[in-house]
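Please find below my notes on the salt bridges and the internal space of this model. They are set out as numbered points for checking against the coordinates.

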Amino acid sequence: MELPLGSDPRTDVIRRLQALLVQRFGRIERAAAAWRQPEWVLVQGVIGAQTKSEISNAATDRLLKRFKSWEKVATAALDELQAELTTQTYPGVAAERLKASLSAIVASRGKVDLSHLGEMKTHEAMNWLEQLPGVGRKIAAGVMNASTLDRRAIVLDGHHKRILQRMGLVPPKANTERAFDAIMPVMPEEWSGADYDEHHLLMKKLGQTWCRPSMPDCATCPALALCKTGLANT
């Protein structure tokens, strides 16, 4: 049985963690309007595996400028797409997944249009997205939260999930789906979609600076007082 929102002690930990991260990194403004269209967010996520966000952002803009529409991206030859995605860590995989996912949307919707998601409940919309080739929980949550859909869905990239595991907020070996299911019920009930977005971006900064995959700097981490692993290591 799921605990009611706010009744789990992890909720207070998340609130306190957010305050510490804002104090350390400052507030983060949301992306520009052009980068918050659901279709743009989907493309950026599909091509962005193991690639820095700013590089994937530029590649997404470059695709739209070159092909003029997402429908034309869907019908482009794979070698053309791969040539535009050479900045990505896995350009071949990115091209294949992008073409497959956009083609699936066109087959279902007649065009690359995700406006119907706004009429669906968040979990239903995420389930729809996760049926697309190359789209998992992280990308689905990103489309729902970081876009103009502005839903309360937490995006868990590798940095965010690693921090949650080290802090003891989700099971230590949880995959993205299990971590999402574990943390969503205890997210602060007063937080908006924008708060979720900012929290994720702040957690990403923490993972890039202190809570690195190897050799984390626990001793000076701003979240040390809230972290089981950090306290055990210092």
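1. Arg-36 is buried, at 14% relative accessible area, in what is a predicted model. Its side chain meets that of Asp-150 in a salt bridge, with N and O 3.9 Å apart. Arg-36 sits in the loop between α1 and α2, and Asp-150 in the loop between α8 (137–146) and α9, so this pair ties together parts 114 residues apart in sequence. Asp-150 is partly exposed, with a relative accessible area of 34%. Burial here requires a value under 20%, so Arg-36 falls in that class at 14%, whereas Asp-150 at 34% does not.

2. A second salt bridge joins Asp-197 to Arg-30, and the closest N and O atoms are 3.0 Å apart. This pair also links distant parts of the chain: Asp-197 belongs to helix α11 (residues 193–209), while Arg-30 lies in the loop between α1 (9–25) and α2 (38–47), 167 residues away. Asp-197 is buried, with 8% relative accessible area. Arg-30 is partly exposed, at 25%.

3. Glu-80 and Arg-66 form a further salt bridge through their side chains, at 2.9 Å from N to O. Glu-80 is in helix α5 (residues 78–84) and Arg-66 in helix α3 (residues 53–67), and the two are 14 residues apart. Both ends are partly exposed: Glu-80 has 32% relative accessibility, and Arg-66 has a relative accessible area of 38%.

4. How do the pairs relate to one another? Arg-30, Arg-36, Asp-150 and Asp-197 are joined into one network by salt bridges that share partners. In general, side chains of opposite charge can pair when their charged atoms come close. The count for the model comes to twelve salt bridges, among them the Arg-36 to Asp-150 pair.

5. How many cavities of 30 Å³ or more are there? The count is one. The largest cavity has a volume of about 110 Å³. Its lining consists of 14 residues, and those nearest the centre are Cys-211, Cys-218, Cys-221, Cys-227 and Gly-230.

6. Which helix gives the most to the lining of the largest cavity? Helix α9 (residues 158–167) does, with three residues. By class, the lining has eleven nonpolar residues, one polar residue and two charged residues. Cys counts as nonpolar and Gly as polar in this scheme, so the polar class is the one to which Gly-230, among the residues nearest the centre, belongs.

Note on methods
Residues numbered from 1 in each chain as written. Predicted model: local features only at pLDDT ≥ 70, side-chain atom pairs only at ≥ 80, totals over all residues. Heavy atoms only, no water. 1 Å grid on protein atoms, 1.4 Å probe; cavity = no way out; pocket = protein on both sides within 12 Å on 5 of 7 lines; lining within 4 Å. Points joined across faces, edges and corners; volume = space filled by probe spheres on them. Helix = DSSP H or I, 4+ residues; strand = E, 2+ residues; numbered from the N terminus. Salt bridge = Lys/Arg side-chain N within 4 Å of Asp/Glu carboxyl O. Buried < 20%, exposed > 50% of the residue type's maximum accessible area, 1.4 Å probe, protein only.
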